[in-house]
Amino acid sequence: MIELTGVAASYGSVKAISDITLRVGEGEAVGLLGANGAGKSTTLRTISGLLKLTSGKITFMGQDLASLLPHQITELGIAHVPEGRQVFPEMTVHENLEIGSYAPRAKIDRARSLDLVYTIFPKLAERKDQLAGTMSGGEQQMLVVGRGLMLKPRLLMLDEPSLGLSPVMCDVTFEKIQEIHKMGTSILLVEQNVSRALSLVQRAYVLEGGKVIMHGQSQDLLNNPQVQAAYLGI
Ligand SMILES: Nc1ncnc2c1ncn2[C@@H]1O[C@H](COP(=O)(O)OP(=O)(O)OP(=O)(O)O)[C@@H](O)[C@H]1O
Ligand SMILES: [Mg+2]
């Protein structure tokens, strides 16, 4: 579905990623793991077109993304839920969700997508007229994932969805992601909660210093002594 080959990207003169090669197949859930500053968010931003790649290639369903603008990449069905739970605080939950379906491919199915999001996240239905800024952290996380779903994504990219959540909300978030994956959406999941992430995804890539240093099936990574020592505290 999506394939990155030798992708590099910079912020001005700061080289943030230098050699990212990875793929996510149709219907797959894949993890992107690594320590702070490894280049995980930058990889997602480069896929979304928010950051231009300086070398390498990204193709989505066979199409080269190099010349496309962010909104055109969105239109292809790539949803990016960035880190930090950015809701529009002065707008209601409902309005925040509607914004997620501004793209033409999503707009025509807005009502059906809303039903789906409210079914997956009943809490959002209950609170649909509440101002988003007054929702709890966990509720805001559900809202931004829901907003991503409003695009009817083929590929849903989630950047650290469990960060800062209580253990209970963290469980809920992972359950919901699993549910979304089971509906057939491909997922690229950035997580620092490595053990939880590996229990959800089938395969994962480990990034360090802007490069992929390891990749494999989740079970193999969980059993890998290097991964255990660096990320699992074993
Ligand atoms: N806006 C920016 N300007 C300059 N450098 C940046 C910017 N954003 C990120 N970087 C640098 O790019 C590198 C990769 O950052 P990135 O945010 O992709 O890491 P990350 O793996 O997502 O880390 P974290 O787990 O802390 O979110 C880091 O060295 C970081 O300092
Ligand atoms: Mg990040």
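These are my notebook entries on a predicted model of a protein with one ligand looked up.

**Entry 1: overall build**

I began with the secondary structure, and I counted eleven helices and ten strands in the protein. Next I looked up the radius of gyration, which is 17 Å; the globule rule gives 17 Å for 234 residues, so the protein is as compact as a globular protein of that length. I also noted the box filled by the C-alpha atoms, which is roughly 45 × 45 × 30 Å along the principal axes.

How much of the protein is buried? I found that buried residues make up 43% of the 234 residues. For the contacts with a separation of 6 or more, I noted that 68% are between residues 24 or more positions apart.

**Entry 2: two domains**

I looked up how the chain is divided. Domain 1 takes residues 1–77 and 154–234, while domain 2 takes residues 81–151. Their centres, taken over C-alpha atoms, are separated by 22 Å. Where they touch, I found 20 residues of domain 1 in contact with 16 residues of domain 2.

Which elements of domain 1 supply the side that touches domain 2? I wrote down α2 (70–75), β7 (155–159) and α8 (167–182), each with at least two residues. The largest share is that of α8, with six residues. By class, I have nine nonpolar, six polar and five charged residues on this side of domain 1.

**Entry 3: the first strands**

I followed strand β1, residues 2–11, and found that it runs antiparallel to β2, with seven bridges joining the two. One of the pairs I checked is Ala 9 of β1, whose bridge partner in β2 is Ile 17. Two residues lie between the strands of this hairpin, and there Gly 12 takes a positive phi near 60 degrees.

I then found that β1 is also joined to strand β4, residues 53–60, by six bridges, again antiparallel. Here I noted that Ile 2 has Phe 60 of β4 as its bridge partner.

I picked Lys 15 for a closer look, and I located it in strand β2. Is Lys 15 buried or partly exposed? I counted 15 other C-beta atoms within 10 Å, and a residue needs 20 or more to be buried, so Lys 15 is partly exposed. Beyond its neighbours within four places in sequence, Lys 15 is in contact with Ala 8, Ser 10 and Gly 210. I also checked Lys 15 against Gly 39, which is 24 residues away along the chain, and their C-alpha atoms are separated by 9.7 Å.

**Entry 4: around ligand 1**

I counted 13 residues surrounding ligand 1, and the closest are Tyr 11, Ala 16, Asn 36, Ser 41 and Thr 42. Both β2 (14–24) and α1 (40–48) supply at least two residues of this shell, and α1 has the largest share, three residues. Sorted by class, the shell has seven polar, four nonpolar and two charged residues.

I stayed with α1 to see how covered it is. Eight of its nine residues are buried, among them Ser 41, Thr 42 and Leu 44. After α1 comes Gly 49, and I noted its positive phi, near 85 degrees.

**Entry 5: positive phi without glycine**

Most residues other than glycine have a negative phi. I therefore looked for exceptions to this rule.

I found Met 61, with a positive phi of about 45 degrees. Met 61 sits in the loop between β4 and β5 (63–64). I counted 13 C-beta neighbours inside 10 Å, so Met 61 is partly exposed.

I also found Glu 160, which has a positive phi of about 50 degrees. Glu 160 belongs to the loop between β7 and α8. Is Glu 160 buried or exposed? With 20 other C-beta atoms within 10 Å, Glu 160 is buried, because 20 is enough to count as buried.

**Entry 6: a residue of α11**

I ended with Leu 232, which I placed in helix α11, residues 225–232. I counted 14 C-beta neighbours inside 10 Å, so Leu 232 is partly exposed. Which residues does Leu 232 contact, leaving aside neighbours within four places in sequence? I listed Val 194, Ser 195 and Val 227. Leu 232 and Ser 195 are 37 residues apart in sequence, and I noted 6.6 Å between their C-alpha atoms.

How values were computed
Residues numbered from 1 in each chain as written. Chains lettered and ligands numbered in written order. Predicted model: local features only at pLDDT ≥ 70, side-chain atom pairs only at ≥ 80, totals over all residues. Domains from an automatic or database assignment. Contact = placed C-beta atoms within 7 Å. Helix = DSSP H or I, 4+ residues; strand = E, 2+ residues; numbered from the N terminus. Nonpolar A, V, L, I, M, F, W, Y, C, P; charged D, E, K, R; others polar. Near = placed C-beta within 6 Å. Pairing = 2+ DSSP bridges. Rg over C-alpha atoms; globule rule 2.2 N^0.38 Å. Buried ≥ 20, exposed ≤ 12 C-beta atoms within 10 Å, placed from the backbone.
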